[in-house]
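Me: I would like to learn how to read a model of this kind, feature by feature. Could you take me through the general idea each time, and then show me the case at hand?

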Amino acid sequence: MKILIKDISELDCACDVIILPFTEGDSGLYNRFGDVQGLIKKAFSKEFRGKQNEVLLIPSPKPIRPERVLLVGLGKKNKVSAEKLRQAGGRALVYLRDMGMKKIGLSTSVMHSLKLSPVNFIEGALLGLYTFKNYITKKDSKSIEGITILSKSSKDLDNELRLTGAVTSAVRFARDMINTPSNDMTPTDLAETALSLRQKNVSVKILEKKEAERLGMGAYLSVAKGSKEPPKFILVEYKGGKGNPIVLIGKSITFDSGGISLKPSEGMEKMKYDMAGGAAVLGIFNAVSGLKLPVNLVGILPATENMPGGFATKPGDIVKTISGKTIEIINTDAEGRLILADAIGYAKRFNPRAIIDIATLTGACSIALGNEAIAMMGNDRELMNKIKRSSEKTYERVWEMPLFEEYKEYLKSDIADIKNTGGKTGSLVTSAYFLYEFAEKVPWVHLDIASTAWAEKDKPYIPKGASGVGVRLVLDLIKDLK
Ligand code: BES
Ligand code: MN
Ligand code: ZN
């Protein structure tokens, strides 16, 4: 799909549809277009108000070039924000695509006068138009060919568009990996996807099972034991700046059956998305290398399936991590923290300025926050504040949860250094406390994306399925790091 910028009047746009955004109740915004204004007035008298995400498609009056006009609501004028534009962009473009429209023009005067960038609207459109049709054999022809932004062009606008292009394609890349079923997204497939990112500034290394054994990653390997799929400990390195790297760790369970602590079958098909953290990390590398951001980054994806089997780890087993700490495994379904413990242990070799892990870690995350927020916990106030700011900008919202020292007690084992579950109460925070015990003094933030990585229903710019959450959030953080 092409995105162009043209400095022409709405009335001269050679397109199937011209999009006119409206703030609520403000029917006079396009008074300058005599003929169209008549139709707008009529719409406002009956079926259209300009409420958030409201759309109305009407045929154009004769003398203007666009064949149709789409009125799009942005909601109340004093409440319009970047997020409202993203939502309107997603809603409008998905609607137009489903109506079979191909060439779209976008009026920007209202957005400019609200001091908001039309690129937010485009971002929503690019994210909302995502589809995953790789397994549907019947091809459908409904797709938008191009959007023309009607505006004066400028360096700023060009730069913003370039950034949004890179960010949204990274999100789409992550969504594709996550939506792909686990039979086609095994640890080996994930490793191959990582290898496809290799470039001048990006190196990728895969540690095989033997190497992980030699390194003593007993917690990670204990999760892989029940599966016939070989585990792959994936390392990605990007060199774009000076100084110590930030390490991004992504939980990469390509299928989580629960292992011997088997999950109930209802909803188990969704456990292909238990590698959404890893996919987000690869998405981030994809954009960072494309944009040549001036940072150093390391990505770690401890990839494996979690399966029951004759060799599978059993409740009560004790394993040793790369750091030397021993873990009593109470529940084999609490496997995410096991692989993350070794990933965090390994990350310390890079002498990182910070570790950020992104993981679909607990069901309790959605009990606490519904599907609206990422749970954030960590030991570095400054980094958490920065992430909070990025979360407000991107609307990939985070909410901080505590790491009270009393939680340590919950994880006390009688016969090992720590156990892998602290029981039902507080399981969102105790899972993070477990990781904290492995991060120790290294600046570290944990993002639990279990409840946000998958959309149960269509949202304005997140079609049902993998959301790609984490990509926009962390990219926003990284792009402003000095
Ligand atoms: N991958 C799951 C968490 C999850 C659940 C993600 C639902 C997305 C949707 C994780 O490995 C898990 O099974 N966690 C358990 C931990 C429990 C056994 C302590 C949970 O949250 O139920
Ligand atoms: Mn699990
Ligand atoms: Zn899991």
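Reply: Let us begin with the interior, keeping in mind that this is a predicted model. In soluble globular proteins, nonpolar side chains tend to be buried together. Here the largest nonpolar core has 68 residues, and those with the most contacts inside it are Leu248, Ile284, Leu297, Ile387 and Leu447. Helix α9, residues 276-291, gives the most to this core, with 10 residues. There is also a second, separate core of 51 residues, which includes Ile329, Leu428, Phe434 and Val442.

Me: Which residues is leucine 297 in contact with, if its neighbours within four places in sequence are left aside?

Reply: Leucine 297 is in contact with Val236, Glu237, Tyr238, Pro245, Ile246, Leu248, Ile284, Phe285, Val288 and Ile478.

Me: How should I read the metal site, and which protein donors does the manganese ion (ligand 2) have?

Reply: One can begin with the donors and then turn to the angles. The protein donors of the manganese ion (ligand 2) are Asp256 (OD), Asp333 (O), Asp333 (OD) and Glu335 (OE), lying 2.1 to 2.2 Å from the ion. Along the chain, the donors follow the spacing D-x76-D-x1-E. The site has 6 donor atoms with angles of 70 to 168 degrees among them, and is irregular. Aspartate 256 also bridges the manganese ion (ligand 2) and the zinc ion (ligand 3), which lie 3.1 Å apart.

Me: Why does the pair of aspartate 256 and aspartate 333 tie together parts that are 77 residues apart in sequence?

Reply: Because aspartate 256 lies in strand β10 (residues 252-256), whereas aspartate 333 lies in the loop between β13 (326-328) and α10 (336-347), the pair ties together parts that far apart in sequence. Aspartate 256 is buried, with a relative accessible area of 3%, while aspartate 333, at 22% relative accessibility, counts as partly exposed.

Me: How do I read a helix such as α2?

Reply: An α-helix has 3.6 residues a turn, so residues three or four places apart point the same way. Helix α2 (residues 82-98) has 17 residues and, at 1.5 Å a residue, should span 24 Å, which agrees with the 24 Å between its end C-alpha atoms. Among the buried residues of α2 are Leu85, Ala92, Leu93 and Leu96, but also Glu83 and Arg86. Just after α2, glycine 100 takes a positive phi of about 85 degrees.

Me: What does the domain assignment give for the protein?

Reply: The assignment gives domain 1 (2-149) and domain 2 (167-480), whose C-alpha centres lie 38 Å apart. The contact takes 15 residues from domain 1 and 16 residues from domain 2.

Methods: Residues numbered from 1 in each chain as written. Chains lettered and ligands numbered in written order. Predicted model: local features only at pLDDT ≥ 70, side-chain atom pairs only at ≥ 80, totals over all residues. Heavy atoms only, no water. Core = buried A, V, L, I, M, F, W, Y, C linked by side-chain atoms within 4.5 Å. Buried < 20%, exposed > 50% of the residue type's maximum accessible area, 1.4 Å probe, protein only. Helix = DSSP H or I, 4+ residues; strand = E, 2+ residues; numbered from the N terminus. Contact = heavy atoms within 4.5 Å. Donors = N, O, S within 2.8 Å, 3.2 Å for Na, K, Ca; no water. Tetrahedral: all angles 85-135°; square planar, octahedral: opposite > 155°, others 65-115°. Expected span 1.5 Å × (residues − 1). Domains from an automatic or database assignment.
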